[in-house]
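Reader: I have a chain to go through with you. Let us take it in short turns.
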Amino acid sequence: MEKAEFSLIGVLKQVLQTLSPRATEKALHLKYQIDPTLPRMVKSDPERLSQVLFNLVGNAVKFTPKGHVVVSIKVLGKKPGLLTLEFSI
């Protein structure tokens with residue numbers, strides 16, 4: 001597993017942009033809600049996180065018949081060197 005510093009919001013926006021044409025075909029809106037306390041940069045594996053988000057949001061688009069798909073990222077805890085996040089789709 002890679003450990004790199006990256007913008008989590010940037011990864012999320014890239015996933016949503018990639019899935020946008022598929023959502024548009026179904027007249028779905030892709031939205032996101034980000035906890036305002038989320039740091040600009042996080043340290044983790046951006047490729048694996050991107051793959052997980054792509055699969056989860058892709059399935060949500062696939063199985064949502066109408067309306068919108070919302071990705072929410074909430075900070076559950078912060079300790080030195082450790083950030084606990086909750087992702088919901």
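Reader: Which residue in β5 does Ile 73 stand opposite?

Author: This is a predicted model. Strand β4 covers residues 68–79 and strand β5 covers residues 82–88. The two run antiparallel. The residue in β5 opposite Ile 73 is Phe 87.

Reader: How many bridges join strand β4 to strand β5?

Author: The strands form a hairpin, with two residues between them. They run antiparallel, and the number of bridges joining them is seven.

Reader: Which residue in the turn of that hairpin has a positive phi?

Author: The turn links β4 and β5. Its phi value there is about 80°. The residue is Gly 81.

Reader: Ala 27 also has a positive phi, although it is not a glycine. Is Ala 27 buried or exposed?

Author: Ala 27 has a phi of about 60°. It sits in the loop between α1 (8–25) and β2. Its relative accessible area is 56%. The cut-off for exposed is over 50%, so Ala 27 counts as exposed.

Reader: Step back to the whole chain. In what order do the elements run from the N terminus on?

Author: The chain has two helices and five strands. Read from the N terminus on, the order is β-α-β-β-α-β-β.

Reader: What share of the contacts with a separation of 6 or more comes from residues 24 or more positions apart?

Author: One such pairing is Pro 46 with Phe 6: they are 40 residues apart along the chain, and they are in contact. Over the chain, for contacts with a separation of 6 or more, the share from residues 24 or more positions apart is 73%.

Reader: How far apart are the C-alpha atoms of Pro 46 and Phe 6?

Author: Pro 46 belongs to helix α2. Leaving aside neighbours within four places in sequence, Pro 46 is in contact with Glu 2, Ala 4, Phe 6 and Val 11. The C-alpha atoms of Pro 46 and Phe 6 are separated by 6.9 Å.

Reader: Why does Pro 46 count as buried?

Author: Buried means under 20% relative accessible area. Pro 46 falls under that cut-off, because its relative accessibility is 14%.

Reader: Now Asp 45. Which backbone nitrogens lie 3.2 Å from its side chain?

Author: Asp 45 is in the loop between β3 (42–44) and α2 (46–63). Its side chain reaches one backbone nitrogen at 3.2 Å, that of Glu 47. A polar atom of the Asp 45 side chain also lies 3.2 Å from another backbone nitrogen, that of Arg 48.

Reader: What is the relative accessibility of Asp 45?

Author: Leaving aside neighbours within four places in sequence, Asp 45 is in contact with Met 1, Glu 2 and Phe 6. Asp 45 counts as buried, because its relative accessibility is 5%.

Reader: Is Pro 39 buried or partly exposed?

Author: Pro 39 lies in the loop between β2 (29–34) and β3. Beyond residues up to four places away in sequence, it touches Lys 78 and Leu 83. Its relative accessibility is 28%, so Pro 39 counts as partly exposed.

Reader: Last, charge. How far apart are the centres of the positive and negative sets of side chains?

Author: The chain has 13 positive side chains and 7 negative ones. The centres of these two sets lie apart by 6 Å.

Key
Residues are numbered from 1 along each chain as its sequence is written. This is a predicted model: local features need pLDDT of at least 70, side-chain atom pairs count only at pLDDT 80 or more; totals for chains, interfaces and linings use all residues. Side-chain values use heavy atoms; hydrogens and water are left out. Helices (H or I, at least four residues) and strands (E, at least two) are DSSP runs, numbered from the N terminus. Buried means under 20% relative accessible area, exposed over 50%, partly exposed in between (1.4 Å probe, protein chains only). A polar contact is a pair of N or O atoms within 3.5 Å; within protein, one must be able to donate a hydrogen and the other to accept it, and residues adjacent in sequence count only if both atoms are side-chain atoms. Contact means heavy atoms within 4.5 Å. Lys and Arg count as positive and Asp and Glu as negative; His and the chain ends are not counted. The place of a charge is taken as NZ of Lys, CZ of Arg, CG of Asp or CD of Glu. Two strands pair if DSSP finds at least two bridges between them.
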